[in-house]
Amino acid sequence: MTDVPEPVRKCAQMLKGTRSDTEKFAALFMVTKLMKGKDCNAAGKQLLFEAIGFPFLRKLLVSKELPSDCPPLVYKSVALSILTGFCQEEELATHKDIIAAIPTLLEIVEQADDEDYEDNLIVVSEAYSCLKSIASYEPGQQALLETGAIPKMSQIYAAQSFQTDEALHLIVLLVNKFGVISWPEDPTAFHALIQRISLDMETDHTERKYELCRILADILITCRREIVNNSLEGQIWPESLFKGCGDILKAKIGPKQRDPALHLIATTLRILGMQWAFMDDQKTFFLMLLQLAAIEVRMQMDEKKLETTFKQAELLTCCFHILELCIEYMATDQLDLEPKEKQTTYTALKGAFNQVLAVLTRVSQDKIRDNGNARDKAFIVAQVRILSAWLAQETTAMRPAIYKLLPFMLKIGNDSFHELKTWRAGAREGKAPVDILRVMTPALCHFAVEDEGRRVLFTHKQDEVLLEALELYFSIAHWKRPPIPRAERLKRMNEPDPVPTPEQQAEMKEARAAIVALCNILMNFTVLEPKRAEDAPTFVNLLKYVVENLPELKDTPENLVIHGNLSVLGLLLLKQQSKKVKQNDFSICRYITTTIRFLWDAYNIDESNDPTALVVSIAYKGVWGDVSELWFLGMQTMCSVLPLVPWLSEFALESGWAEGIVKTLKKVKIGTLPPNVKSAYEDFLSQLVDVNADVVAVLKKADALKVCRNHRMMELGKKLFGD
């Protein structure tokens with residue numbers, strides 16, 4: 001302790017020598033004076049802290065049994081003044097005794113509006129100073145989280161108490177550290193806080209408006225999204241945000257104002273979805289926002305050095321997110337645009353994406369792509385993502401340049417996919433990596449039907465990665481209960497079956513969408529590259545994977561669309577690889593039974609209000625837009641497969657499907673059978689007759705003659721009954 005200044009050493013000795021609380025309290029005034037001076041270093045503060053003893057400071061803060069010669073607030077004020085000085089040193093700010101005082105400090109700031117404190121608001125200020133210092137270090141942050149500081153501070157700010165900006169800065173510091181776990185399951189405090197800040201942002205017309213934009217974005221991104229969205233009824237903060245942001249979009253503003261506004265809008269859209277941009281049932285906000293984001297992208301990426309563009313990564317990523325959501329929304333055809341608005345919108349988007357394409361092309365040829373900087377890597381991924389979103393909708397523009405860039409985009413996508421795959425196979429620490437390949441799949445569907453696009457994809461062995469992706473996403477969508485250790489099985493035998501968590505359910509939903517997109521690409525490959533689909537090892541493995549795994553898929557409404565996609569993909573591959581199929585192969589038998597179930601269950605008359613009308617079954621109705629084409633393609637492909645693998649016809653007979661079709665059509669009113677459905681059934685039954693002699697007797701017994709006459713199935717009639 002040789003580096004402790006002499007006055008501090010003397011003061012510490014005097015404190016240790018005091019014989020009563022009154023003497024010790026009198027000595028504290030010397031401590032406050034010393035701590036404000038230049039001589040009191042970290043070692044000196046440590047010595048004073050030990051000499052005073054924290055129990056005495058705690059007593060001054062909380063005890064009601066203090067000498068009556070001073071008001072209680074004076075004792076509190078002196079104790080807090082000293083604590084503030086101590087908390088400036090990390091060793092003391094993280095001391096277990098000071099950490100244990102957090103609830104007391106929170107109680108003081110919560111009571112800032114009490115009459116007791118009106119005359120001595122310095123006490124509240126000192127308490128905030130202590131909390132701010134404690135929150136600068138990991139132990140303090142953790143303790144503040146555990147004591148519920150964030151919801152408490154939220155209520156303080158919402159009530160507009162004294163020094164609420166201090167509370168707000170503490171909230172931002174903590175939510176930036178802890179993210180979503182900052183907030184309790186009860187969203188009351190969150191809504192109260194956001195409502196207060198949103199109202200302030202909406203009504204403030206000074207520079208503070210834009211500071212609040214940044215704060216709102218920082219807090220909103222950490223919310224429990226599902227809980228917040230489910231508790232929005234009666235909340236007016238979305239409207240306050242909409243009005244405040246709308247005013248900003250209409251105003252003449254510079255970069256200092258525009259950047260935080262775009263940041264807030266991108267975050268709000270991420271939380272509330274695109275419907276937030278139409279709160280007034282008008283398209284003005286949406287169109288202004290799209291234009292602003294597109295112009296910002298052009299300006300920031302226009303013919304600059306890559307390093308300059310990369311410095312604007314955060315702002316550009318916000319603009320990309322806005323544009324991605326705008327493109328997705330326009331693809332749903334819910335937006336009614338005038339011809340001039342369509343032209344202006346397309347011109348703005350094309351200008352922005354030409355610039356993204358130009359920058360990404362330069363990146364692909366520059367050393368910046370391999371510099372290992374996480375921030376730069378994330379920005380490159382963001383560029384690939386937004387360009388993929390555009391290419392999913394824009395199927396003709398910029399093709400030569402895109403084909404040239406495609407190998408680089410595939411590398412970024414494949415790397416991100418393999419990162420996710422490795423993460424899922426390991427301990428799954430931290431946040432799951434984002435799979436950009438999954439985001440790219442809608443665009444890859446278009447490349448799969450273009451000769452040059454397919455050439456690039458096969459040159460870079462993309463078919464192999466797509467099979468890997470199908471396997472991974474199927475394993476996520478096909479959720480299984482975790483295995484129970486053998487030693488615990490008897491004990492847990494009567495436990496109810498576990499169900500996926502909300503997070504797992506969200507993963508499963510994403511995985512199902514990925515499977516559909518992957519199946520589309522692989523179907524296009526199979527149809528347009530028949531020789532490759534027949535011989536290439538990847539396609540042989542793909543058929544093997546489909547026939548072995550489709551029968552395992554749970555028969556649930558959520559899985560119906562992937563059931564259809566995998567069924568039809570399997571049939572298309574079966575057609576190409578029919579020469580390799582062995583008769584009565586068990587996995588093929590199970591697969592074909594599952595596929596028949598998908599095709600059979602699509603139509604019936606049992607669920608119709610009219611007992612003579614054929615209708616799409618209730619199970620299929622909600623997703624018929626997604627599976628109707630698959631059903632027709634499946635029926636058509638089944639017709640092509642039967643002559644090549646005739647023994648499959650036994651399944652159509654033994655399952656009762658062929659007979660069931662005839663019995664159903666017999667009940668359908670003449671003239672009401674849709675022509676495309678009639679053709680699908682007639683072609684299938686005719687093909688069955690051609691490949692299996694036993695079919696004729698079965699169909700005749702089911703009264704196929706009446707069906708052929710009623711629905712004018714001439715071709716089938718000739719095959720069954722002659723001319």
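## What lines the second largest pocket

Start with the second largest pocket of this predicted model: its lining residues split into 15 nonpolar, 8 polar and 7 charged. In total, 30 residues line this pocket, and Arg597, Trp600, Asp601, Ser617 and Tyr620 are the ones that lie nearest its centre. Several elements give two or more residues to the lining: α31 (560–576), α32 (586–600), β1 (603–604), α33 (618–621) and α36 (657–667). If you want to know who gives the most, look at α36, with 6 residues.

And how much space lies in the second largest pocket? About 560 Å³. Here's the general idea behind looking for such spaces: rolling a probe the size of a water molecule over the atoms shows where empty space is left.

## Helix α26 and its cover

Now scroll along to helix α26, which runs over residues 451–459. Which of its residues are buried? They are Gly453, Arg454, Val456, Leu457 and Phe458.

Other helices help to cover those buried residues, including α24 (399–425), α25 (436–448) and α27 (462–477). From further along the chain, the cover also includes α28 (502–528), α29 (530–535) and α30 (537–549). Just after α26 comes a little backbone detail: Lys461 takes a positive phi of about 55°.

## A serine tucked into α24

One of the helices covering α26 is α24, and Ser416 is found in it. Is Ser416 buried or exposed? Its relative accessible area is 5%, so Ser416 counts as buried.

Leaving aside residues up to four places away in sequence, Ser416 touches Val434, Asp435, Ile436 and Leu437. With Ile436 there is a polar pairing too: a polar atom of the Ser416 side chain lies 2.8 Å from the backbone nitrogen of Ile436.

## Cysteines without partners

A disulfide is a covalent bond between the sulfur atoms of two cysteines. How many disulfides does a search of the whole structure find? The count is 0. Take Cys213, which is in no disulfide: the nearest cysteine sulfur belongs to Cys245 and is 5.7 Å away. To count as a disulfide, the two sulfurs would have to be within 2.5 Å. Cys213 is also buried, with a relative accessible area of 0%.

Why is Cys708 not bonded to Cys639? The closest cysteine sulfur to that of Cys708 is in Cys639, but it is 15 Å away, so the two are too far apart for a bond. Cys708 counts as buried as well, because its relative accessibility is 8%, and the cut-off for buried is under 20%.

Technical notes: Residues are numbered from 1 along each chain as its sequence is written. This is a predicted model: local features need pLDDT of at least 70, side-chain atom pairs count only at pLDDT 80 or more; totals for chains, interfaces and linings use all residues. Side-chain values use heavy atoms; hydrogens and water are left out. Buried means under 20% relative accessible area, exposed over 50%, partly exposed in between (1.4 Å probe, protein chains only). Helices (H or I, at least four residues) and strands (E, at least two) are DSSP runs, numbered from the N terminus. Contact means heavy atoms within 4.5 Å. On a 1 Å grid over the protein atoms alone, a cavity is a set of points where a 1.4 Å probe fits but cannot get out, and a pocket is an open set with protein on both sides within 12 Å along at least five of seven lines; lining residues have an atom within 4 Å of a point. Grid points are joined across faces, edges and corners, and a volume is the space filled by probe spheres set on the points. Ala, Val, Leu, Ile, Met, Phe, Trp, Tyr, Cys and Pro count as nonpolar, Asp, Glu, Lys and Arg as charged, and the others, Gly among them, as polar. A polar contact is a pair of N or O atoms within 3.5 Å; within protein, one must be able to donate a hydrogen and the other to accept it, and residues adjacent in sequence count only if both atoms are side-chain atoms.
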